Amino acid sequence: MNSTLITDEELNSINQALLNRYGLDFTDYELSSFKRRVVRIMHKNNFENILQLWRKLLYDAEFASYFKDEISVGLTEMFRNPQVWSYLRDSYFSKFKYNDSISIWHAGCSTGEEYYSMCILLNELNKLNQSELLVTDLSDKFIKLTQKGEYDLDLLEKYKGNYKLYNTYGFFNLYYTKNETTGTFKEVIKPKTEFKQHNLVSERIYKKFDIIFCRNVMIYFNDSLKMKVLEMFYENLKPNGVLVIGHFDALPQNFNIYFDYLSPEFKIFKKINQP
Ligand SMILES: C[S@@+](CC[C@H](N)C(=O)[O-])C[C@H]1O[C@@H](n2cnc3c(N)ncnc32)[C@H](O)[C@@H]1O
């Protein structure tokens, strides 16, 4: 089945089922990529038509949870776009004095690679003790994997390549304990952290942060949903707070109600203090 064969009406029936039965709201997800992902799920599970998928979603909560993970699954890696991390280390984190508190929210953390990159950055700047992190994702499975912090050794080898571009002189292998085929990040490099399943579309967080990471998450959202999420981030940032988005994330034109560019090159934004 090709994604153009699913009609908007059929997709709407899937969305209504998910919303009514499980409170899962994908109605403002970007239509064409949402359709492509639905088709991929149908192929993988040998569904012949949308009605079969609709029935399965309605009557099988476990499948609905799998569907949610498949829709939102995304690629991630440690020190993704290494220059962004170097910029943050050299130009942003250096402004915090040794006793200033630093609060960070990773929204859409996936399987935790972004979180462990931050742990290493804070550790190398000697800022672990003054930092407090909130790490969230729509998928509870991803949150559990993030907490565990265990990755295949060949993946870690790949991540080491990125790390070396970020810090030529560091020793990446010191940060994890080697098991047979995997490596687990050490507890000592974790600052105080809350791990939480959270839906950016429908749930608020009642805390203020110095910096919010939401990289490669809004790619799934249409412009009106992006604006809703940007407004929420605006509310969640302290004065002069900073938002980091992904290299391929595009913001709607009127994002500048809430944010100014801090670094256009690295897609880093500064909260406007009075909208
Ligand atoms: C491509 S991954 C990005 C991971 C990481 N931020 C990075 O850039 O490497 C996108 C993540 O966004 C999460 N996500 C999608 N929709 C979400 C929502 N409504 N609320 C919270 N997280 C969401 C997915 O579960 C997935 O883990």
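Colleague: Hi! How many residues of domain 1 are in contact with domain 2?

Modeller: Eight residues of domain 1 touch ten residues of domain 2, where contact means that two C-beta atoms, placed from the backbone, lie within 7 Å. Bear in mind that this is a predicted model, in which local features need pLDDT of at least 70 and side-chain atom pairs count only at pLDDT 80 or more, while totals for chains, interfaces and linings use all residues. Residues are numbered from 1 along each chain as its sequence is written.

Colleague: Which helix gives the largest share of domain 1's side of that contact?

Modeller: Helix H4 (residues 61-72) does, with three residues. Helices (H or I, at least four residues) and strands (E, at least two) are DSSP runs, numbered from the N terminus.

Colleague: And how do the residues on that side divide into nonpolar, polar and charged?

Modeller: One is nonpolar, two are polar and five are charged. In this scheme Ala, Val, Leu, Ile, Met, Phe, Trp, Tyr, Cys and Pro count as nonpolar, Asp, Glu, Lys and Arg as charged, and the others, Gly among them, as polar.

Colleague: Where do the domains lie along the chain?

Modeller: Domain 1 covers 3-72 and domain 2 covers 82-271, with bounds that come from an automatic or database domain assignment. Their C-alpha centres are 29 Å apart.

Colleague: Now the core. Which residues touch the most other members of the largest nonpolar core?

Modeller: Ile212, Cys214 and Leu243 do, in a core of 65 residues. A nonpolar core is a set of buried Ala, Val, Leu, Ile, Met, Phe, Trp, Tyr and Cys residues joined through C-beta atoms within 7 Å. A residue is buried if 20 or more other C-beta atoms lie within 10 Å of its own, exposed if 12 or fewer, and partly exposed in between, again with C-beta atoms placed from the backbone. Helix H6 (residues 113-124) supplies the largest share of this core, seven residues, and each of the two domains gives at least three.

Colleague: What does Leu243 touch?

Modeller: Leaving out residues up to four places away in sequence, Leu243 touches Ile212, Cys214, Phe233, Leu237, Phe259 and Phe269.

Colleague: How do strands S7 and S8 pair, parallel or antiparallel?

Modeller: S7 (residues 209-214) and S8 (residues 237-245) are parallel, over five bridges; two strands pair if DSSP finds at least two bridges between them. Phe209 has Leu237 as its bridge partner in S8. Between the two strands the chain passes through helix H9 (residues 223-236), a right-handed β-α-β crossover. Right-handed means that, with the strands pointing away from the viewer, the path from the first strand over the helix to the second runs clockwise.

Colleague: Which way does S10 run against S8?

Modeller: S10 (residues 268-271) is antiparallel to S8, with three bridges, and Val242 has Lys270 as its bridge partner in S10.

Colleague: Switching to S5, which side chains are buried there?

Modeller: In S5 (residues 182-185), Gly183 and Phe185 point to one face and are buried, whereas Thr182 and Thr184 point to the other and are not. In a regular strand, side chains alternate between the two faces of the sheet.

Colleague: How many bridges join S4 to S5?

Modeller: Three, with S4 (residues 176-178) running antiparallel to S5, and a hairpin of three residues joins the two strands. Thr177 stands opposite Thr184. S3 (residues 150-152) is also antiparallel to S5 over three bridges, and there Glu150 has Thr184 as its bridge partner.

Colleague: I noticed Asn46. What is its phi?

Modeller: Near 55°, a positive value in a residue other than glycine. Asn46 sits in the loop between helix H2 (31-44) and helix H3 (50-59).

Colleague: Why does Asn46 count as exposed?

Modeller: Because Asn46 has 7 C-beta neighbours inside 10 Å.

Colleague: And where is Asn216 found?

Modeller: In the loop between S7 and H9. Asn216 also has a positive phi, about 60°, without being a glycine, and with 19 C-beta neighbours inside 10 Å it counts as partly exposed.

Colleague: Last one: what does Asp249 touch?

Modeller: Asn216, Met218, Ile219 and Lys267, not counting residues up to four places away in sequence. Asp249 lies in the loop between S8 and strand S9 (259-263), and it is partly exposed because 16 other C-beta atoms are within 10 Å.
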